[in-house]
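Here are some notes for a colleague who is opening this structure for the first time. Please keep the view at hand while reading the numbered points.

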Amino acid sequence: MPELPEVEALAQFLRGRTVGRTVTRVEVAAISALKTFRPAPTALRGGTVTDVARHGKWLDMVVDSPADGTLHLVWHLSRAGWVRWYDTLPERPARPGKSPIALRVGFDDGAGFDLTEAGTRKRLAVHVVADPADVPPIASLGVEPLSDAFTPERLGELLAARNQQVKGLLRDQGTIAGIGNAYSDEILLVARTSPFAPTRSYDEARTRTLHAAIRDVLTEAVMTAGGRPAAELKDAKRRGMRVHGRTGEPCPGWDGTPCGDTVHEVSFADSSLQYCPTCQTGGKPLADRRMSRLLR
């Protein structure tokens, strides 16, 4: 799933190519992806793109429509969605069927993009709204982790609000916006903490260490992704992972110095996490949740 760094890079990519352009085509190919019906997607035609913003993992194309005022084409790529950019958009219309295309948008210079979704579990969500806050998941987003509002003190308040596993807190979009499974694994490695550590066990020193890890990991990932074409972002993300998706490989160490251990995994029904016992859990492997009680 694209997370904050990739979504930010996509926003930058689209902003540089679409701001000032007039929308000439909007074609819905997957009705299931469209979550709103008024304004209709066709209301975007003839409008001028004024910005492309990000809200957590959501992308927001702002369009100044002569007839409807400011409209927002807002979408969430979910687990298998992506943006496919064309310098020259195919002339054929996007039609419902077996194609992975969910939505096609074209501009007055002939360029455009498709929103696509692979697989059979269709979760990509597209909204056309007058205000992004009209989309409930956006309205309920937590603090942006790269914003000035995200201080060590604010993180301490979030950790103390209720006792839960720290991995779950990092992934909760209503608490901190934009972090998912992959970057939470990376953050916890750099913070040298177990994914199952109780949030109320964090004192001021550990909270500051976690805060620094969040900022450092996300900032580095945004810098790495920034300026890349949309087609390169997935591979760049995979290459940049230290532990996520690297089960059985040597751990590169929380500080870039190999620790001599290998990356371990805990599997769940529909996901998994990766971590290093030496760097994060005092050398003790975590038990599989389905088999026994978790080691903390």
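**Notes on packing and one loop residue**

1. In this predicted model, Leu73 is a useful place to begin: setting aside neighbours within four places in sequence, Leu73 is in contact with Leu44, Leu59, Asp60, Met61, Leu103, Val105, Val126, His127 and Val128.

2. Leu73 is also among the residues with the most contacts inside the largest nonpolar core, which has 36 residues, the others named there being Met61, Trp75, Phe113 and Leu115. To this core α1 gives the most, with six residues. A second core of 27 residues is separate, and includes Leu155, Leu188, Ile214 and Val217.

3. Helix α7, which spans residues 233-240, has Leu233, Ala236 and Lys237 as buried residues. Seen down the axis of α7, these fall within an arc of 100°, so they line one face of the helix. That buried set packs against α1 (4-18), β5 (81-86), α5 (181-191) and α6 (204-225), whereas the face turned away from the buried side carries the exposed residues Arg238 and Arg239.

4. Asp261 lies in the loop between α7 and β9 (264-267), and is it buried or exposed? With a relative accessibility of 17%, Asp261 counts as buried, because the cut-off for that term is under 20%.

5. Not counting residues up to four places away in sequence, Asp261 touches Glu249, Pro250, Cys251, Cys276, Pro277 and Thr278. With Thr278, the side chain of Asp261 forms a polar contact of 2.8 Å. The C-alpha atoms of Asp261 and Gly283 are separated by 8.8 Å, and these two residues are 22 residues apart along the chain.

Terms used: Residues are numbered from 1 along each chain as its sequence is written. This is a predicted model: local features need pLDDT of at least 70, side-chain atom pairs count only at pLDDT 80 or more; totals for chains, interfaces and linings use all residues. Side-chain values use heavy atoms; hydrogens and water are left out. Buried means under 20% relative accessible area, exposed over 50%, partly exposed in between (1.4 Å probe, protein chains only). Helices (H or I, at least four residues) and strands (E, at least two) are DSSP runs, numbered from the N terminus. The arc is that of the directions from the helix axis to the C-beta atoms. Contact means heavy atoms within 4.5 Å. A nonpolar core is a set of buried Ala, Val, Leu, Ile, Met, Phe, Trp, Tyr and Cys residues joined through side-chain atoms within 4.5 Å. A polar contact is a pair of N or O atoms within 3.5 Å; within protein, one must be able to donate a hydrogen and the other to accept it, and residues adjacent in sequence count only if both atoms are side-chain atoms.
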